[in-house]
Amino acid sequence: MRILTIDGGGIRGVYPAHIIHRIKEELGINFSEYFDLIVGTSTGSIIAAALSIDYPISKIVKLYKEKGEEIFRKNKFGAFGFLTAKYNNHTLIKELKVAFGDKTLSNTSTRLMIPATDIGNGQVYVFKSSYLDEFVRDKNTKILDAVLASCSAPAFFKPHIVKEYLLADGGLWANNPSLAALIETAGKLNGSLQDIKMLSIGTGIGNRYYNAGKPNRLWGLATGWRGKKLIDMILNLQSKSAQNMVGLMLNQDQYLRINFEKEKPLSLDDIQSVSDLISLADHDFTYNFSKIKDFLEISKHKIMRKNGLPN
């Protein structure tokens, strides 16, 4: 079982998008053909869904570069996300329609999972393509709706309603969806842990969200916790936690994690960081090229396909 997972992280999704674009360019992988399961959360769901229907990854990179500023344009009364969502989702919806049209979760070329959160019932909610006969709930759900729900980060975008469910960002529990992917493979797909190979691409890990020391007396949601920074930290912690757990469950030759760390906090909506993130992604791809090629067994995979052998 070959699995690809992509973290959430708002505008930082340009980092995994560019790495995947370079993998496509240099190694010639058709992701929907090569991977048995693709899982993406929040901004990662945009990339995962695109790969699952063979939508050009170059266009997704272009989306971050050219439409990011418009997507993260503040609502008039939403500067801090206290009275309304910080951003409206009009541009995001328009761009997702361009990419996915009316395609549903029955139209993917490989297995696709998109984590979201059912905030109405306090439950996790996972969109799944129709890869098992028992998966009937989502088969007619538009990919656009699944992605939009997973991208609805609290305070940043309003929740999205799908089939009477009030849904928000899957990053609240699976910002790094690698653990969810592992459980799905070992559980629903009856896969053996020994037969799994997982490529997991993150959107960065930030540090120092709060200064150490005694909290001041005004430590409230809007003061000490600083609302948006709290959301950023929660998503950051979830990614770290999942990475550590999957790293303990899989051997080194089964799990390749590509990510970066920064000393400063990382935000979901720092538009000015796009160029730096692309440059960093290019550097990290180049530095890890041999490791990625060996991990994906590209030469072996191509030889087997050429000879018509199972892979």
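Guide: A salt bridge is a side-chain nitrogen of Lys or Arg within 4 Å of a carboxyl oxygen of Asp or Glu. The structure above is a predicted model.

Visitor: How far apart are the closest N and O atoms of Asp7 and Arg257?

Guide: Asp7 sits in the loop between strand E1 (2-6) and H1, and Arg257 in strand E9 (residues 255-258). The two are 250 residues apart, and the pair links distant parts of the chain. They form a salt bridge, and the separation of their closest N and O atoms is 2.7 Å.

Visitor: Are Asp7 and Arg257 buried or exposed?

Guide: Buried means under 20% relative accessible area, and exposed means over 50%. By that rule Asp7 and Arg257 are both buried.

Visitor: Which class of exposure does Lys142 fall in?

Guide: Lys142 forms a salt bridge with Asp102, with 3.2 Å between the closest N and O atoms. Asp102 is exposed, at a relative accessible area of 60%. The relative accessible area of Lys142 is 35%, so Lys142 is partly exposed.

Visitor: Which elements hold Lys128 and Glu184?

Guide: The side chains of these residues, Lys128 and Glu184, meet in a salt bridge of 2.9 Å, N to O. The pair ties together parts 56 residues apart in sequence, because Lys128 lies in strand E4 and Glu184 in helix H8 (residues 178-186).

Visitor: Which residues do salt bridges that share partners join into one network?

Guide: The count of salt bridges comes to 10. Those that share partners make one network, joining Arg22, Glu25, Glu26 and Asp282.

Visitor: Which helix gives the most to the largest nonpolar core?

Guide: In soluble globular proteins, nonpolar side chains tend to be buried together. Here the largest nonpolar core has 73 residues, and Leu4, Ile23, Phe127, Leu199 and Leu296 have the most contacts inside it. With 7 residues, the helix that gives the most to this core is H1 (residues 14-27).

Visitor: How many residues are in the second, separate core?

Guide: Met113, Phe135, Leu182 and Met198 are included in this second core. The core is separate, and its number of residues is 18.

Visitor: What is the area of the nonpolar surface patch that includes Ile119?

Guide: Ile119 is found in the loop between strand E3 (111-118) and strand E4 (123-128). Patches are made of residues with over 30% relative accessible area. Ile119 has 37%, so it is partly exposed. Together with Ile161, Leu166, Leu172 and Ile234, Ile119 makes a nonpolar surface patch of about 380 Å².

Definitions and conventions: Residues numbered from 1 in each chain as written. Predicted model: local features only at pLDDT ≥ 70, side-chain atom pairs only at ≥ 80, totals over all residues. Heavy atoms only, no water. Patch = residues over 30% accessible without salt bridge, like charges linked within 9 Å, V, L, I, M, F, W, Y side chains within 5 Å. Areas by Shrake-Rupley, 256 points an atom, 1.4 Å probe, with all protein chains shown as cover. Helix = DSSP H or I, 4+ residues; strand = E, 2+ residues; numbered from the N terminus. Buried < 20%, exposed > 50% of the residue type's maximum accessible area, 1.4 Å probe, protein only. Core = buried A, V, L, I, M, F, W, Y, C linked by side-chain atoms within 4.5 Å.
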